[in-house]
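Visitor: Hi, could you walk me through this one? I'd like to hear about the sheet, and then anything odd in the loops.

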Amino acid sequence: MAEEKTQKKVKKAAVRKTISQRVTEKGALQQARRNVYVLNVLPDATKKSIAHALKKEHKITPLKIRLLRIPTKKVFYRGKPGVKGGGKKAYVYLKKGDTLAI
């Protein structure tokens, strides 16, 4: 019972915060040539939760989703050491004619 509630909470959170576009030059080229969108997603997001969020909010069914982890990086800023938080990104492949307006 508790596990079901946890899964529902994760799914609801994934729907709300999963999708934000990652704006890069490489991503713009892929979007124009192959209809592939690069998105920032939550670190605990799965392919199914991303597909569910796209169906629910944008009414689009992706052909394929690929996930990549972004590693944390050590930085040195203003004389103090720090860490850049990593994350996760998703490559979402769509059919011809489908677009994703975020």
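**Loops and sheet**

Guide: Happy to. This is a predicted model. Let's begin with a loop: Arg-78 sits between β4 (73–77) and β5 (80–84).

Visitor: What is the phi of Arg-78?

Guide: Phi of Arg-78 is near 55°, which is a positive value in a residue other than glycine.

Visitor: And is Arg-78 buried or exposed?

Guide: Arg-78 is exposed, at a relative accessible area of 71%.

Visitor: What about Lys-59, what is its phi?

Guide: Lys-59 is not a glycine, yet its phi is positive, about 55°. Its place is the loop that links α3 (47–58) and β3 (64–70). Lys-59 is exposed, with a relative accessible area of 70%.

Visitor: Okay, on to the sheet. What is the order of the strands?

Guide: The order is β1-β2-β6-β3, an open sheet of four strands with antiparallel pairing.

Visitor: Which strands stand at the edges?

Guide: β1 and β3 do. Each has a single partner strand, so one side of each is left without a neighbour in the sheet.

Visitor: How many bridges join β3 to β6?

Guide: Seven bridges, and the two strands run antiparallel. Within that pairing, Leu-67 stands opposite Ala-90 in β6.

Visitor: And how many join β2 to β6?

Guide: Six bridges join β2 to β6 (residues 87–93), again running antiparallel. Here Ala-90 in β6 is the bridge partner of Leu-39.

Visitor: What stands opposite Leu-39 from β1?

Guide: Gln-21 stands opposite Leu-39 in β2. Two bridges join β1 (residues 20–21) to β2, and these strands run antiparallel.

Visitor: So how does one residue line up with the next along a strand?

Guide: In a regular strand the side chains alternate between the two faces of the sheet.

Visitor: Good to know. How many residues of β2 are buried?

Guide: Five of the six residues of β2 (residues 36–41) are buried, so that strand is largely enclosed by the rest of the structure.

Visitor: Helices next. Which strands does α3 lie across?

Guide: α3 lies across β2, β3 and β6, and runs at about 120° to β3.

Visitor: Thanks! Could you recap the pairing for my notes?

Guide: Sure. β2 is joined to β1 by two bridges and to β6 by six, while β6 is joined to β3 by seven.

Visitor: And which strands does α2 touch?

Guide: α2 (residues 25–34) packs on the sheet and touches β1, β2 and β6. The direction of α2 makes about 140° with that of β2.

Conventions: Residues are numbered from 1 along each chain as its sequence is written. This is a predicted model: local features need pLDDT of at least 70, side-chain atom pairs count only at pLDDT 80 or more; totals for chains, interfaces and linings use all residues. Side-chain values use heavy atoms; hydrogens and water are left out. Buried means under 20% relative accessible area, exposed over 50%, partly exposed in between (1.4 Å probe, protein chains only). Two strands pair if DSSP finds at least two bridges between them. Contact means heavy atoms within 4.5 Å. Axes are lines fitted to C-alpha atoms, for helices over the stretch in contact, and angles run from 0 to 180 degrees between N-to-C directions.
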